[in-house]
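Work through the exercises below with the sequence and the model open. Each task is followed by a solution in steps.

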Amino acid sequence: MKILLKNVNVIDPSGNIEGTKDILIEDGTISEIENSLGSIPVDETFNFSGKYVSPGFYDMHVHLREPGREDEETVVTGSNAAAAGGFTGIACMPNTDPAIDSAEVINLINQKAAGHLVDVNPIGAVTLGRKGETLAPMAELVEAGAVAFSDDGVAVKTAAILRNALEYSQMYNKPVIEHCEDESLAGGSMNEGITSTMLGLPPVPSVAEDLTVMRDILMVEYTGGRVHIAHISTKNAVELVRQAKKKGLNITAEVTPHHFTLTEEQLKSFDTNFKMNPPLRSQSDVKAIIEGLKDGTIDCIASDHAPHSPEEKDMEFTLAPNGIIGLETQLGLALTELVHKGHISLKQMVEKFAVNPRKILNLPVPRIKKGEKANLTIFDPDEVWTVDISKFKSKSKNSPFDKRLLTGKSVAVINNYKMFYKDEFFEI
Amino acid sequence: MSLSSKHLLGLYGVPKEDIQTILDTATTFREVLERPIKKVPTLQGKTVVNLFYESSTRTRISFELAQKRLSADTVNFSKAGSSTSKGETFKDTVKNIEAMKIDMIVVRHSSAGVPHYLTKITNANIINAGDGRHEHPTQALLDMYSIREKMGKLEGLKICIVGDIAHSRVALSNIFGLKTMGAEVSVCGPATMIPKGIEKLGVNVLHDIDKAIAGHDVLNVLRIQLERAAGSSIPSLREYHNFFGITAERIENNNKDILILHPGPINRGVELSSDVADGPYQVILDQVTNGVAIRMAVLYLLGTMN
């Protein structure tokens, strides 16, 4: 099958093709890129004038609820949500039930993901059952396809286990992804400060995150291992990562759209869709995060897509679980809050969505180049739309961004010889 | 006289006129409580549910008596712990109760924000009887009523709240209400019991109990939660009493005109010595009586709004 993408603006940070092009894709592979390919007979032509095409976006922090809570999300529904949000690849976190701490669970996820447009790469647990006691069979997990390790939901429990995990994972050049939070200070429902004081909600101090970031940086320095800081959310943590990078340490970091968009002020509504961990922080933290995104301290943007059933979120605030879904809103939020406000360029955004996450996970970065398999995201940075949770592909609807006006949206994604466009998947 | 909201969720943002209205209305009901027949037909035909998800003796009895004295029909629902531990969700419980055609819900819950949540899932008038460490508005109203009764005013008074401010819903409601009424508010307690950023609410922070007694017209002394505090936020109850406990000696040395309030239940020998708890400076039992009048006023004002 031949399809032609006409008049589309190319952004490929790792390539040298720029400007408005026509791209011919034959049987899922890029066969021509020219200023104009007018007279070629094709099966379908898409006029993408005013739209942008980039290497397919990758979200390295997604919670699929399979196995365990398939009522909230499955590998397939999560992948569908990713495609709808403009993503051609996702890495899924191991806090499933059972946890991803054996080859069998990875095999199950791989089976479920087979044949989908979206690549799904499982992240293995650092410890058995994510309990922080015994190392998971990391070599076996790598062999089965794990791209990283994490006990996400909590930090690796002790410095001793972390040390071993960093030494062991180095053999396979896989990062340990850390949810940085000191256990003894954890357990609150929101960020500590004047707002938590006024709302009477049990607080968790920002220093809980900073302490663990500091511990991990020191441990990376000592072991030579590699740590990726998940969902960075505090001013001090951003500065710690900045200094660690200056020293040349193997530290990378991601931020979620909610942590660069929202603050703790939102909690005043007692709406559980603003309850997440790490919690929403203060305005000065948001400012520091945006600085970190600008200067490259924060390598990538990831959703921390965390589906929860309506009955789990629709309850007393302190009893409700943490987390929100984000796959279908994060591109719009990045464009609205970062690009259109002039904080980062479109090219920087593409680096943070398509290039850096794959580099961190040692995955090949797709290129927009003749002869390459087409792995593309096509988006319209200027489309104004209103978020409507009822239209989400995700099985869960726990988003605080319902009815929010955003500027910028995914138009189509192409990967694995398939295309998703106008709400439909089809073979190309 | 009517209030600007159909609920009493807290005193944050409640206008001065509303607080004034509640206090003035309570004065009328306070008089009813002195009659041989302490009952008025004001809320006849109204049904009030007392939804208590956390144990309470005095607040619940106070609300129940207030309801009975206004001739409302009352139902009590008590459940310790969380609704989610087994079976039915909190929302389903509330929906079931609402389906039995009720008018008002008085709610106490260990989770802050539950009264606000109730306003989203029911149409009943909601009265907060204490949510987590957030607010306990009727307690603060009865405190203000008791202060006004003794001192003749609230505006310009120097009032200090003493104890575990961080875990107290009484403290926060008092701060919001008293500030609105023009009082000058301080808090005094060990640093571990003072919540982050409290000074941004316009209150002074003290750690010296003698200065607190000397420099204020009123002390509102909070209960130290024995089971929670000792060994974590304070080294021991003994140390607390020695450095923050109110004794007759401290009062006599610093300020014999002080008025002492306590929301109860008292820990004798911890936050108050017995000679203070039973002595001439306190109005602890008046507070309890006033509590019924305040709750009658709130129930009446909200229950007759529509």
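**Exercise 1.** Decide whether Ile217(A) is buried or exposed.

Solution. Step 1: apply the cut-offs, by which a residue is buried if 20 or more other C-beta atoms lie within 10 Å of its own, exposed if 12 or fewer, and partly exposed in between, with C-beta atoms placed from the backbone. Step 2: Ile217(A) has 22 C-beta neighbours inside 10 Å, so it counts as buried. Step 3: place the residue in helix α6 of chain A, residues 207–223; helices (H or I, at least four residues) and strands (E, at least two) are DSSP runs, numbered from the N terminus. Step 4: list its contacts, where two residues are in contact if their C-beta atoms, placed from the backbone, lie within 7 Å. Leaving out residues up to four places away in sequence, Ile217(A) touches Leu240(A), Ala244(A), Leu249(A) and Ile251(A).

The model is predicted: local features need pLDDT of at least 70, side-chain atom pairs count only at pLDDT 80 or more, and totals for chains, interfaces and linings use all residues. Residues are numbered from 1 along each chain as its sequence is written, while chains are lettered from A and ligands numbered from 1 in the order in which they are written.

**Exercise 2.** Describe how chain B is divided into domains, and which element gives the most to the side of domain 1 of chain B that touches domain 2 of chain B.

Solution. Step 1: domain 1 of chain B covers 16–134 + 289–303, and domain 2 covers 137–287; such bounds come from an automatic or database domain assignment. Step 2: the C-alpha centres of these two domains of chain B lie 26 Å apart. Step 3: each of the two domains of chain B puts 19 residues into the contact. Step 4: on the domain 1 side, α1 (16–32), β4 (125–131) and α12 (284–303) of chain B each supply at least two residues. With six residues, α12(B) gives the most to that side.

**Exercise 3.** State how many residues of chain B are in contact with chain A, and sort that side of chain B by class.

Solution. Step 1: 25 residues of chain B are in contact with 17 residues of chain A. Step 2: α4(B) gives the most to the chain B side, with three residues. Step 3: that side has eight nonpolar, ten polar and seven charged residues. Here Ala, Val, Leu, Ile, Met, Phe, Trp, Tyr, Cys and Pro count as nonpolar, Asp, Glu, Lys and Arg as charged, and the others, Gly among them, as polar.
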